[in-house]
Amino acid sequence: MLARITRLSLAARLLRCSLVALGVSHAAPVFAESELTGSALALHMGCYNCHGTPARRDAPTFERLAAHYEKLRGQAGAAAREGEELRRGEPFRRIVAHEQLSADTATKLMQWIIDGAKPAGSGG
Ligand code: HEC
């Protein structure tokens, strides 16, 4: 009986563990991205594929984006707002990498850009 209870509680614990794991992956396309910030997050999300230097085709470099968004620095809610715009995209110009971002990741990336889009190890 005791052994059975122990086994049951072990099963319950295992179940709880897997539920936690499910909870993590539930917030759609989240991999390790919830742990990452700044340029590491941008790298992880593939942003540098187009916005690196040199940029791909007509994508602006992160330097140019940072210069463009600099005016929003320190503005409350700016990153979330711009993140939403990025996700929404434009009707005639679909960029999947933008649209598939979660709200949270888009906000974090926009905050990083607004703050200067500094590469890792330069204090950003
Ligand atoms: C497949 C190439 C590609 C990838 C990958 C990509 N972008 Fe872009 N991005 C573009 C292009 C092209 C533009 C310019 C859009 C325009 O001029 O209408 C742009 C524009 C932007 C802008 C300016 C807002 C706008 O709509 O013009 C921001 C901010 C931005 N990208 C952030 C990101 C972030 C953050 C990532 C990583 C999640 C990312 N991009 C990944 C191609 C890409």
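Visitor: Among contacts in the protein chain between residues at least 6 apart in sequence, what share joins residues at least 24 apart?

Guide: Good place to start. In this predicted model, 56% of those contacts join residues at least 24 apart.

Visitor: Which elements make up the protein chain?

Guide: There are seven helices and zero strands, so the order from the N terminus is simply α-α-α-α-α-α-α. Of the 124 residues in the chain, 19% count as buried.

Visitor: Let's take one helix, then. Which residues of α5 are buried?

Guide: Burial here is a matter of counting neighbours: a residue is buried if 20 or more other C-beta atoms lie within 10 Å of its own. In α5, which spans residues 78-88, A79, E82 and G83 are buried. These residues lie on the same side of α5, because they cover an arc of only 105° around the axis.

Visitor: And what covers the buried residues of α5?

Guide: The cover includes α4 (62-69) and α7 (103-114).

Visitor: How do I read the packing of α5 with α7, starting with the angle at which their axes cross?

Guide: Look at the distance, the angle and the hand together. The two axes come within 7 Å and cross at roughly 115°, and the crossing is right-handed. By class, this contact has eight nonpolar, three polar and three charged residues.

Visitor: Which residues of α5 and α7 meet there?

Guide: From α5 come A78, A79, A80, E82, G83, E84, L86 and R87, and they meet A103, A106, T107, M110, Q111 and I114 of α7.

Visitor: Which residue just after α5 takes a positive phi?

Guide: That is G89, with a phi of about 70°.

Key: Residues are numbered from 1 along each chain as its sequence is written. This is a predicted model: local features need pLDDT of at least 70, side-chain atom pairs count only at pLDDT 80 or more; totals for chains, interfaces and linings use all residues. A residue is buried if 20 or more other C-beta atoms lie within 10 Å of its own, exposed if 12 or fewer, and partly exposed in between; C-beta atoms are placed from the backbone. Helices (H or I, at least four residues) and strands (E, at least two) are DSSP runs, numbered from the N terminus. The arc is that of the directions from the helix axis to the C-beta atoms. Two residues are in contact if their C-beta atoms, placed from the backbone, lie within 7 Å. Axes are lines fitted to C-alpha atoms, for helices over the stretch in contact, and angles run from 0 to 180 degrees between N-to-C directions. A crossing is left-handed if the near helix is turned anticlockwise from the far one by less than a right angle, and right-handed if clockwise. Ala, Val, Leu, Ile, Met, Phe, Trp, Tyr, Cys and Pro count as nonpolar, Asp, Glu, Lys and Arg as charged, and the others, Gly among them, as polar.
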